Amino acid sequence: MSEPQATAKPLAGYRVVDLTTFLSGPFCTQILADLGADVVKIETPQGDSSRAIPPHFVGDDSAYYLGINRSKRSLAVDMKQPDGLALVLRLIATADVVVENYRPGVAARLGLDIAALRAERPGLIWASVSGFGQTGPWRDKPAYDMIVQALSGVMSLTGEPGRPAVRLGIPAGDMVAGMYATIAINAALAERERSGQGRVIDVSMLDCQLAMLSYQSTYALVAGTVPQPQGARHDSIPTYRSFVARDGRELVVTANTERMWEGLCQGLDRAALLSDPRFASAKLRLANREALWPLLEEAFLARDAADWIAPLDARGVPVALIKTVPEALSDAREHGRGMILPLTDAAGTSIDVVGNPIKFVDEGGLAEDPARYPPVLGADAESVLDQWLGIGSADVRKLFDAQTLVRRTPVQDNRDVA
């Protein structure tokens, strides 16, 4: 078992073999890398398919890939060659964690026998992320983000009432699965410290989306209801929604307590609503929401959206403008919490990505290693094979000569700035 080293990052010293591609798995392993693990991304000679997703590129690699692969090292291996498979098996034999998002059964067909690997290394943690899990009638079906959003009911809740269902604007099907896999891996590492035994983890994208239904699933299970599209509203709280202001810009308020209801009415200069018997309690406001909403909508049209922030803030009413993505990123840069992360590669190419939201308060004042630019395909063969397996440069060169290993030569920055 690899021993964690004293460091500001809690997973430093742990080794992760990353056999994932596209989004759910790479997002999981990026979190592990952010937390300090040594993540080696094992790619085919063609590379992770996400490297080629249009429309935006920096050098050879897509912006999509660059957003989910920082602080990893890349090894491009032809696992169809016996020497390539043997090399990956040797890396796994020294690893703490393996993460893969193959379809069920593919790992075995590639020559990766999970049971045999864990028999040889009982402390190994193997995490599989798939669309529908390793068991069940749908295990062999292909799955992508929108497929699981559809099957889970998430899309049925998204969009405006009376309109067709809408996919969430973020790839929640993939990313939530990646987060749950990370939670499970960290739990398994903690258990291994006590027992010495690893775990096999089975994370289904569909299961994760069902778990994220939250109170909507409870409403359906307990009350037998069929939850409807939410739009920018809330099923239970009629003053938890968006409004359009005089300038056509939207803002949201979340007045979900009696004190906030009073503040909303006062801030809107609609104090008379407080004495209206139709709106005297949360239950009555919900029952009479169709009468309440036009009154609030009319009130918001009296000012521009930005002009409502101060009077509502002053009365303790949570309020926010609906920002564009560039506006939100600009805010994040100004807030100074490290959520806009600059990365620079060896050639001096620089990009910004969204950083790690997990912040540790380090009383010892230890400086963390900076995040690293996502790796060029196959760029880290010498360092990984030397540090993990003790393979010298001459033997690595032979693997390149036999095309068991490949490496892409970096190109100049041809960034798409459209």
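Let me start with a hairpin: strands E9 and E10 are joined with five residues between them, and within this hairpin Gly 248 takes a positive phi near 85°. What we are looking at is a predicted model, so please take each value I quote as computed from that model.

Staying with this hairpin, E9, residues 240-244, and E10, residues 250-254, pair in the antiparallel sense over five bridges, and Phe 243 stands opposite Leu 251 in E10. On its other pairing, E10 is joined by three bridges to strand E11, residues 319-321, and these two also run antiparallel, with Val 252 standing opposite Ala 320 in E11. Which residues of E10 lie on its covered face, and which on its uncovered one? Leu 251 and Val 253 form the covered face, whereas Glu 250, Val 252 and Thr 254 form the uncovered one. That pattern can be set beside a general point, that in a regular strand the side chains alternate between the two faces of the sheet.

In the loop between helix H9, residues 215-223, and E9 we find Thr 239, which counts as buried because its relative accessibility is 2%, and the cut-off for that label is under 20%. Leaving aside residues up to four places away in sequence, Thr 239 touches Val 253, Thr 254 and Ala 255, and also Trp 261, Leu 264, Leu 292 and Leu 296. With one of these residues there is a polar contact too, in which the side chain of Thr 239 reaches the backbone oxygen of Ala 255 at 2.5 Å. Thr 239 and Thr 20, for their part, are 219 residues apart in sequence and 43 Å apart in space, taken from C-alpha to C-alpha.

Let me turn now to strand E5, residues 72-77. Why can we call E5 largely enclosed by the rest of the structure? Because six of its six residues are buried. Lys 72, Ser 74 and Ala 76 point one way from E5, while Arg 73, Leu 75 and Val 77 point the other way, and all are buried. E5 pairs with strand E2, residues 38-43, in the parallel sense over five bridges, and there Lys 41 stands opposite Ser 74. With strand E14, residues 405-406, E5 runs antiparallel and is joined by two bridges, where Val 77 stands opposite Leu 405.

Helix H1, residues 24-34, is also largely enclosed by the rest of the structure, since 11 of its 11 residues are buried; among them are Phe 27, Gln 30, Ile 31 and Asp 34. Against which elements do the buried residues of H1 pack? They pack against E2 and E5, which we have just met, and against strands E1, E6 and E7 and helix H7, residues 172-195. Just after H1, Gly 36 takes a positive phi of about 110°.

Finally, the chain as a whole: its secondary structure comes to 16 helices and 14 strands, and its C-alpha atoms fill a box of roughly 85 × 50 × 45 Å along the principal axes. Buried residues make up 44% of the 418 residues, and among contacts between residues at least 6 apart in sequence, 68% join residues at least 24 apart. The accessible surface comes to about 21,000 Å², with 56% of it belonging to carbon and sulfur atoms. As for charge, there are 42 positive and 51 negative side chains, and the centres of the two sets lie 3 Å apart.

Key
Residues are numbered from 1 along each chain as its sequence is written. This is a predicted model: local features need pLDDT of at least 70, side-chain atom pairs count only at pLDDT 80 or more; totals for chains, interfaces and linings use all residues. Side-chain values use heavy atoms; hydrogens and water are left out. Helices (H or I, at least four residues) and strands (E, at least two) are DSSP runs, numbered from the N terminus. Buried means under 20% relative accessible area, exposed over 50%, partly exposed in between (1.4 Å probe, protein chains only). Contact means heavy atoms within 4.5 Å. Accessible areas come from the Shrake-Rupley method with a 1.4 Å probe; for residues, only the protein chains shown count as cover. Lys and Arg count as positive and Asp and Glu as negative; His and the chain ends are not counted. The place of a charge is taken as NZ of Lys, CZ of Arg, CG of Asp or CD of Glu. Two strands pair if DSSP finds at least two bridges between them. A polar contact is a pair of N or O atoms within 3.5 Å; within protein, one must be able to donate a hydrogen and the other to accept it, and residues adjacent in sequence count only if both atoms are side-chain atoms.
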